[in-house]
Amino acid sequence: MYDLNKVGEQTYYIDCPTNLGIYVYDDNKVCMIDAGGDNEAAQKALDHISANGWKLEMVLNTHCHADHTYANAYLKERTGCKIYAPGADSAICTYSYLNATYLYGGFPPKELDNKFTFAPPCECLPFTPDVLPNGMKHLYVNGHSFEQLAFGTPDGVWFVADAVIAAETFPKYKISFLHSVKEHLNTLEKLKTLEGRLFIPSHRPPLDNIAELAELNRINALEVAEDIKRFCADGVTIDELLEKIFAEYKIRLYVMQYALVGFTTRSYLAWLQRRGEIAPVFEGTRLLWKTVTPE
């Protein structure tokens, strides 16, 4: 772990809990993709950069989640590099308390005050294509966050962030974190036709073909949607629905999981409602979510 792996003439990645991308341009400048989930990972990256006589110029955050952005402030303080993230995600990197706030849907409880939700605040600029080194590409792979970017290098290597999760994790993480189910499904269709030589997700080893994994992720998301419709057949409150989800997928209940799964479940409900497949029903003082029966 934390090895510098060369995967192209100018492209490297560092294998760690959140894989980090390294693209070397103009002989010795470095564009780093994601900052790392803690300062230790960032320092390991800086050690590799220094050992090779390179200089960190910029960090391109794929999205705002703290396991990707925690070390932004550390890297900026140590090197003076510029920090970028897409759209609304750049605001959350700058005002990092927003991450736990929107996840929980209110002022967060103390259990969410940790490095997985609270990255140190850091001035983060909104990404624009003109900041990319010559030859680099970007692709919006939204769904997992408000906005999410994949970055491609001239070596044919794509860093695809959390657009896909490893299929072997489905039994444990059947319902993975999503902001927009619609955008997630659109992204998976994009990935199935994305041309590249190597694809590096954030939380699994690289693969030379991403189409199959993208399709497995699509099938999994649709299976979760069908399960939710089944759970809502007789009308359930959100907590009753979560109880069914935790039991069905054998998820251990604690505050962080309640927040993560609750957020994603609400995203599924919103998507299914907009499709006319689930509707909110008021029963006295209770809001129920009920599957719409075709006429």
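Trainee: Why is asparagine 142 called buried?

Mentor: This is a predicted model, and in it asparagine 142 has a relative accessibility of 16%. Buried means under 20%, so asparagine 142 counts as buried.

Trainee: Where does asparagine 142 sit?

Mentor: In the loop between strand E8 (137-140) and strand E9 (149-152).

Trainee: What makes the link between the side chain of asparagine 142 and the backbone nitrogen of glutamine 148 a polar contact?

Mentor: The distance there is 2.9 Å, and the cut-off for such a pair of N or O atoms is within 3.5 Å. Asparagine 142 is also in contact with Glu147, Gln148, Glu183, His184 and Thr187, leaving aside its neighbours within four places in sequence.

Trainee: Let's stay with glutamine 148. Is glutamine 148 buried or exposed, and how do you know?

Mentor: Its relative accessible area is 0%. The limit for buried is under 20%, so glutamine 148 is buried. Glutamine 148 is found in the loop between E8 and E9.

Trainee: Which residues does glutamine 148 touch?

Mentor: Not counting residues up to four places away in sequence, the list includes Thr62, His63, Pro86, Ala161, Asp162 and Ala163. Asparagine 61 is 87 residues apart from glutamine 148 in sequence, and 8.7 Å apart in space, C-alpha to C-alpha.

Trainee: On to the cysteines. How do you know that cysteine 124 is in no disulfide?

Mentor: By the sulfur distances. The count comes to zero disulfides. For cysteine 16, the nearest cysteine sulfur is that of cysteine 31, 16 Å away. For cysteine 124, the nearest is that of cysteine 93, 4.2 Å away. A disulfide needs the two sulfur atoms within 2.5 Å, so cysteine 124 is in no disulfide.

Trainee: And are cysteine 16 and cysteine 124 buried or exposed?

Mentor: Cysteine 16 has 9% relative accessibility and so counts as buried. Cysteine 124, at 7%, counts as buried too.

Trainee: What makes aspartate 27 an exposed residue?

Mentor: Exposed means over 50%. Aspartate 27 has 76% relative accessibility, so it counts as exposed. You'll find aspartate 27 in the loop between strand E3 (20-25) and strand E4 (29-33).

Trainee: Why is the phi of aspartate 27 worth a remark?

Mentor: Most residues other than glycine have a negative phi. Aspartate 27 is not a glycine, and yet has a positive phi of about 75°.

Trainee: What is the phi of lysine 250?

Mentor: Lysine 250 has a positive phi of about 55°, although it is not a glycine. The place of lysine 250 is in the loop between helix H8 (238-248) and H9.

Trainee: Does lysine 250 count as buried or exposed, and why?

Mentor: Its relative accessibility is 74%. Set that against the over 50% needed, and lysine 250 counts as exposed.

Trainee: Why is leucine 132 called buried?

Mentor: Its relative accessible area is 11%, and buried means under 20%, so leucine 132 is buried. Leucine 132 is placed in the loop between strand E7 (125-126) and E8. Leaving aside its neighbours within four places in sequence, leucine 132 is in contact with Leu60, Phe127, Lys137, His138 and Phe151.

Trainee: How do you know that threonine 237 is buried?

Mentor: At 16% relative accessibility, threonine 237 falls under the 20% limit, so threonine 237 counts as buried. Threonine 237 lies in the loop between H7 and H8. Not counting residues up to four places away in sequence, threonine 237 touches Arg286, Leu287 and Leu288.

Trainee: Last topic, the largest pocket. What is its volume, and which residues are closest to its centre?

Mentor: The volume of the largest pocket is about 1,100 Å³. Of the 37 residues that line the largest pocket, Asp67, Tyr173, Phe177, His203 and Leu260 are the closest to its centre.

Trainee: What supplies the largest share of that lining?

Mentor: H9 does, with five residues. Helix H5 (97-104) and helix H9 (255-274) each supply at least two residues of the lining.

Trainee: How do the residues of the lining divide by type?

Mentor: Into 18 nonpolar, 12 polar and seven charged.

Notes:
Residues are numbered from 1 along each chain as its sequence is written. This is a predicted model: local features need pLDDT of at least 70, side-chain atom pairs count only at pLDDT 80 or more; totals for chains, interfaces and linings use all residues. Side-chain values use heavy atoms; hydrogens and water are left out. Helices (H or I, at least four residues) and strands (E, at least two) are DSSP runs, numbered from the N terminus. Buried means under 20% relative accessible area, exposed over 50%, partly exposed in between (1.4 Å probe, protein chains only). A polar contact is a pair of N or O atoms within 3.5 Å; within protein, one must be able to donate a hydrogen and the other to accept it, and residues adjacent in sequence count only if both atoms are side-chain atoms. Contact means heavy atoms within 4.5 Å. On a 1 Å grid over the protein atoms alone, a cavity is a set of points where a 1.4 Å probe fits but cannot get out, and a pocket is an open set with protein on both sides within 12 Å along at least five of seven lines; lining residues have an atom within 4 Å of a point. Grid points are joined across faces, edges and corners, and a volume is the space filled by probe spheres set on the points. Ala, Val, Leu, Ile, Met, Phe, Trp, Tyr, Cys and Pro count as nonpolar, Asp, Glu, Lys and Arg as charged, and the others, Gly among them, as polar.
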